[in-house]
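Biologist: Please take a close look at one loop residue in this model. Then set that residue against the rest of the chain.

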Amino acid sequence: MAKQKKGGKRVTKNQLAEILQAFFRNNPGKTFSFKEIFRELKLKTHPQKMLAIDIMEEMAWDDFLARVTDSSYRLNTSIQEQEGTFVRKSNGKNSIVPDGGGTPVFVSERNSLYAFHGDRVRFTFLARRRNHIKEAQVTEILKRAKETFVGRLVVEDDMAFLVTQDNLFVQDIIIPRRKLKGGKTDDKAVVRVIQWPDADHKNMIGEVVDVLGPTGENNAEMHAILAQYQLPYTYPKEVEEAANRISGEVTKKDLEEREDFRAVFTCTIDPRDAKDFDDALSIRSLNSSNSSNSLYEVGVHIADVSHYVTEGSIIDKEAQRRATSVYLVDRTIPMLPEHLCNYVCSLRPDEDKLAYSVIFTLNDEAEVQNYRIVHTVIRSNRRYAYEEVQKVIEDGKGENSEQLLALDRLAKKLRERRFKNGAINFDSEELHFDVDEKGKPIRCYFKRSQDANKLIEEFMLLANRTVAEHVGKVKRGKKAKTLPYRVHDNPDPQKLETLREFIVKFGYKLKTTSTKGETARSLNKLMADVEGHNEQKLIQTVALRAMMKAKYSTHNIGHFGLAFDYYTHFTSPIRRYPDTMVHRLLTRYEQGEPSANQHYYEELCEHSSDMEQIAANAERDSIKYKMVEFMGDKIGEVFDAHISGIQSYGIYCEIDENHCEGFVPLRDLQGDYYDYDEKNYCLVGRRHHNRYQLGDPIRIRVEKANLEKRQLDFSVEE
């Protein structure tokens, strides 16, 4: 029974609120009148009773209590014991994202139950005073997001511990010396937690799983990035052995069951350092001597991975778990074992290879007259790097120039029509590094997509779209069979409106209330209008923020960015698991089998989308690391840059000549106190009204390059 006084002192409002919370939590589902509450809590005086009523009103406003009548309440069980994902921040502003979305809820450290970032938790809301922030309390940790952590070892005489890069832990991970596995101070290591914090133990206890190598050594750092995202940095021996047993020989039976394209000109076009060639193009003229209409047969040939990787096999299970290849700055971590991705499946020149192909008949305007999706045998005549094909396109001559120029001409027609139909044109630049034999970056530069890249892109898009339509586009009243689609939802209307209001200040317009095709064309006009202007990067950045992320799903909603009603991924099964799923389902449906289990494939789609994002994060972190390493010997140097990001705590600046990005803390902006204007993406000085605007040119000095945190610190050079 709750008492009115504690230690002889009168109960305060906060104390009475805690007593009321405990009382209702201990009696879920029961409704209590004021009289019953007063009696149970021994509230006898009028001021005490009025204070309790006031607190219960606030609790009802906060949704902690549900009002039954004007004079009775019960615990609001509809919001009790919710579940969500814990988000830990190094500044202590932790939160929980409730399942099903909704606004994240603040969680103080004392109410976190030692939850860590990404943990699945059960929580309740705490009552709050009016105008105070809504707060949650973790009541149970349902599932830990991860059990292993990556960091730098510090080994002392009587103990050892792990220093993590993100520094999110309130307490260190303590490692008994017998659990160090030979690790020494400043080694990068992977540590598994074997004892989590609880009411009796505030520290985590861990054991070293793997010592990656000395901090700063290239392999150790790249493996640390992979381990941080729980991505594999080695291949299981038994999976490699299973792959090595596959010969890749094209048999007589294969030739009998497939269309033979070995006599047709075929080539691959890839980056200069590529080893896994998963797509090839063939072309031949279908023109007869008495025909005035030019017709071409163009084959998009894709490595037939599903022929070698059978569903449910040990290789398949590992590929499914990985879901994608991971591309770090200096290496590729393949989805498939090297023997398969670089040799057996790779469409290498002058070798007979099995492919799954979409064969198009196109007229001179690149309009599809007909198509077929067939298993084939091909033999690539030539392996081209993009630069070689680009030179042929620019010079109009060179080896196999007739075929390459015909492919380029058709691709440009396809591209022109795609943009006319509403595809979004965000031409982006990619940051690249040249590294020495030890992985140290010696050159940093950026590449923009050229005609040779766009040639391949257009035919891959055409094949992906055609396959998606082949399965998904059915007669009215019929249900399409299950297929993993690559979907891209329409932009967030609120963000589009924010963009529209923002660009008005620069004299630009954007249609946001029209159809999605008109919106897309309006966005393209905006991108064309800002080209070459000072505000180009600023407006491109804000526009990109309005876009949704593309993902995989069996529920087709179309692809806004490409302006396709049907789109899938068919063209890269060596490096993407969804493409392998699509190949298998196409083969299955070709044989007349019924639709596959949609629920099963939707789960695989969600997993593939998640792994794609994780791989992108790892790639970004490897770029950040090499960026900091590249700038490490340039401390004190001054560069022209532009403001690439604005936050309430400072500005991000990107150096113009090499695209390396660093940070200027708010405290280092001299001469004024700056307020963050989120709507206009700028910081504004209170006294002198000086502005730091997203996209503005700025001159910076490199102050610090912190490899452990992968962070560059700049200062503004006045």
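Modeller: Leucine 113 is partly exposed, with a relative accessible area of 40%. The class comes from fixed cut-offs: buried is under 20% relative accessible area, exposed is over 50%, and partly exposed is in between (1.4 Å probe, protein chains only). Before going on, note that this is a predicted model: local features need pLDDT of at least 70, side-chain atom pairs count only at pLDDT 80 or more, and totals for chains, interfaces and linings use all residues. Residues are numbered from 1 along each chain as its sequence is written, and side-chain values use heavy atoms, with hydrogens and water left out.

Where does leucine 113 sit? The residue is in the loop between strand E8 (105-107) and strand E9 (120-126). Helices (H or I, at least four residues) and strands (E, at least two) are DSSP runs, numbered from the N terminus. The backbone deserves a check here. Phi of leucine 113 is near 55°. That is a positive value in a residue other than glycine.

Asparagine 400 gives a useful parallel. Its phi is positive too, at about 60°, although asparagine 400 is not a glycine. This residue lies in the loop between helix H10 (386-395) and helix H11 (401-420). Asparagine 400 is partly exposed, with a relative accessible area of 23%.

Two more residues fill in the exposure scale. Lysine 511 is exposed, at 53% relative accessible area. A loop holds lysine 511 between helix H13 (493-504) and helix H14 (516-530). Beyond its neighbours within four places in sequence, lysine 511 is in contact (heavy atoms within 4.5 Å) with Thr519 and Ser522. From lysine 511 to arginine 144 the C-alpha to C-alpha distance is 45 Å, across 367 residues of sequence.

Serine 609 is buried, with a relative accessible area of 15%. Serine 609 belongs to helix H17 (residues 598-631). Its contacts, leaving aside neighbours within four places in sequence, are Lys551 and Tyr552.

Now the chain as a whole. Of its 718 residues, 49% count as buried. The chain has 17 helices and 36 strands. Its C-alpha trace spans about 110 × 65 × 65 Å along the principal axes. Among contacts with a separation of 6 or more, 65% come from residues 24 or more positions apart.

Sheets come next. Strands of a sheet pair through backbone hydrogen bonds, either parallel or antiparallel. Here, two strands pair if DSSP finds at least two bridges between them. One open sheet has three strands in the order E3-E5-E4, with antiparallel pairing. Strand E3 (31-33) and strand E4 (65-69) are its edges, and each pairs on one side only. The twist averages 30° from one strand to the next. E4 and strand E5 (residues 72-75) share four bridges in the antiparallel sense. Alanine 66 stands opposite arginine 74 in E5.

Two helices touch this sheet. Helix H1 (residues 13-25) lies across E3, E4 and E5, at about 70° to E5. Helix H3 (residues 46-61) packs on the sheet, touching E4 and E5, and its direction makes about 110° with that of E4. Axes are lines fitted to C-alpha atoms, for helices over the stretch in contact, and angles run from 0 to 180 degrees between N-to-C directions.

A second open sheet has seven strands in the order E16-E23-E22-E19-E18-E17-E24, with mixed pairing. Strand E16 (259-260) and strand E24 (382-385) each have a single partner strand, so one side of each is left without a neighbour in the sheet. Strand E17 (residues 266-270) runs parallel to E24, joined by four bridges. Aspartate 270 stands opposite alanine 385 in E24. H10, one of the helices flanking the asparagine 400 loop, lies across E17 and E24 at about 85° to E24. Helix H12 (residues 451-472) runs at about 90° to E22 and lies across several strands, among them E17 and strand E18 (279-285).

Last, the voids. A search of the whole structure finds three cavities of 30 Å³ or more. A cavity is a set of points, on a 1 Å grid over the protein atoms alone, where a 1.4 Å probe fits but cannot get out; lining residues have an atom within 4 Å of a point. The largest has a volume of about 50 Å³, which is the space filled by probe spheres set on the points. Its lining includes Leu231, Arg322, Thr324 and Met611.

Conventions:
On a 1 Å grid over the protein atoms alone, a cavity is a set of points where a 1.4 Å probe fits but cannot get out, and a pocket is an open set with protein on both sides within 12 Å along at least five of seven lines; lining residues have an atom within 4 Å of a point.
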